[in-house]
Amino acid sequence: MQESKLTRLQLYEQVWAFPISTLSAKYKVSDYEFRKICSRMKIPLPKSGHWQKVRVGKSVYKAPLPAVDNIEQELDFESYNDCNYNQKVLSPLALLQKEIEDKHKDLLAVPPKLSNPDKLVAEAKEHLEAEKKDRLFKGVVHTYGDKISIKVSPANISRALRFFNALIKLLRVRGHHVKVKYQTTYAIVEGEEIEISLREKLHRTIVEEKHWNTAKYTPSGVLVFKMDRSISTKEWVDGKLSIEQYLSGIVANLELKAKQEIERKIKWQKHAEEQREREKIERELEACQEKELDSFKKLLQEAHRWHQVKLLREYIEDVRQNTIASNNLSDELHTWLEWASKKADWYDPQVSGADELLSKVDKDTLTLKKKFSFQSWL
């Protein structure tokens, strides 16, 4: 069977073994098209957050493959790609946006009135309605504290709330959510925190006065939605299209940005692990080198002592022979010869004879390892 040709069971096993992004790249289809194939073949897919749990070693649920008749039981990706060539020219972002638009058409239209508001939106509404009475600054009112980030004129409060409500609902149905932390609003997508906010642009005009000019700010009615990450920032501004018409694109960008961030972290983690492994190997190599060098130094020291012992024994033997030849072998000289031979045995690295008085002497430097101090008696 060709590598591009899979049975329904084989495809099911693969989608639970690898992320869709990996499989779609392998079989040269978009994530959107791959999901459509699985949906058509009634193959259940891992839910949002599945692969994050796998990466940290948590247990995950694997949905069983349902037994369904009257559907295709085999797919050849090569033939499928030939029939869907035009889809491949779309960018990953465009494909993701198309998937959202096809799948969630009913959630993309922002209603003219706020109904069934999310808890975060309801709290922001109460806050803004209270603030607009006496807390206007440059013609706008803004949330603060644990409220979603909105800064608009009183005339645009309703529109801002309806937009945020539609965005939160779309995010939730996609398996994501919104939270406020440290007075900052985040879209939580695949576990990644992406800062989001909604504001109204201000018109700046210069007012000429007697002694100096001052700047005056007035609301423009133009809303701006901002997605902010440490590595990139993107804004959607009212223009040819209103920000309400950008909903699918906003969510697609959030999902793609989260995916890129996850991939970046995985790549960085892999790099860090490889670096740690290289450092470990280097440390082990250095330890082996140091041990080898110590052993070699010891060998040189022992060879040096052995050479000195040879000279020492030759000297002792020469003294003995000269004494015998001159018939001067006295008891004192005999005692010295025995003493000198024992010292040679003690110094010889191959004999290492015992010597009580020299037991604390370093044989390589011929110095006492620890000298007795009379100061300890004082």
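Angles between helix axes that fall under 35 degrees count as roughly parallel, those over 145 as roughly antiparallel, those from 65 to 115 as roughly perpendicular, and the rest as oblique. In this predicted model, the axes of helix 7 (residues 92–103) and helix 11 (residues 247–325) cross at roughly 125°, and helix 7 and helix 11 are therefore oblique to each other.

**Helix packing**

The table sets out three helix pairs.

| Helix pair | Axis angle | Axis distance | Handedness |
|---|---|---|---|
| Helix 7 and helix 11 | roughly 125° | within 9 Å | right-handed |
| Helix 9 and helix 10 | roughly 165° | within 10 Å | right-handed |
| Helix 11 and helix 12 | about 165° | 10 Å | left-handed |

Where helix 7 passes helix 11, the crossing is right-handed. On the side of helix 7 the contact is made by Pro92, Leu93, Leu96, Gln97, Ile100 and Glu101, which meet Ser248, Gly249, Val251, Ala252, Asn253, Glu255 and Leu256 in helix 11. Sorted by class, the residues of this contact between helix 7 and helix 11 comprise 7 nonpolar, 4 polar and 2 charged.

Helix 11 also packs against helix 12 (residues 331–347), at an angle of about 165°, and helix 11 and helix 12 are therefore roughly antiparallel to each other. Helix 11 contributes Arg305, Gln308, Val309, Leu312, Arg313, Tyr315, Ile316, Val319, Arg320 and Thr323 to this contact, while helix 12 contributes Leu333, Trp336, Leu337, Ala340, Ser341, Ala344, Asp345 and Tyr347. The contact of helix 11 with helix 12 divides into 11 nonpolar, 3 polar and 4 charged residues.

The remaining pair in the table joins helix 9 (residues 119–131) to helix 10 (residues 157–173), with axes that cross at roughly 165°, and helix 9 and helix 10 are therefore roughly antiparallel to each other. Leu120, Val121, Ala124, Lys125, Leu128 and Glu129 in helix 9 face partners in helix 10, namely Ile157, Leu161, Phe164, Asn165 and Ile168, with which they are in contact. This contact of helix 9 with helix 10 consists of 8 nonpolar residues, 1 polar residue and 2 charged residues.

**The second largest pocket**

Apart from the helix contacts, the model holds a pocket, the second largest, with a volume of about 320 Å³. Its lining is formed by 18 residues, of which Ser149, Ile150, Lys151, Glu195 and Ser197 are the closest to the centre of the pocket. Strand 4 (150–152), strand 6 (184–189), strand 7 (192–208) and strand 8 (213–228) each supply at least two residues of the lining of this pocket, and strand 7 gives the most, with 5 residues. By class, the lining of the second largest pocket is made up of 4 nonpolar, 8 polar and 6 charged residues.

Key:
Residues numbered from 1 in each chain as written. Predicted model: local features only at pLDDT ≥ 70, side-chain atom pairs only at ≥ 80, totals over all residues. Heavy atoms only, no water. 1 Å grid on protein atoms, 1.4 Å probe; cavity = no way out; pocket = protein on both sides within 12 Å on 5 of 7 lines; lining within 4 Å. Points joined across faces, edges and corners; volume = space filled by probe spheres on them. Helix = DSSP H or I, 4+ residues; strand = E, 2+ residues; numbered from the N terminus. Nonpolar A, V, L, I, M, F, W, Y, C, P; charged D, E, K, R; others polar. Axes fitted to C-alpha atoms, helices over the stretch in contact; angles between N-to-C directions. Left-handed = near helix turned anticlockwise from the far one by under 90°. Contact = heavy atoms within 4.5 Å.
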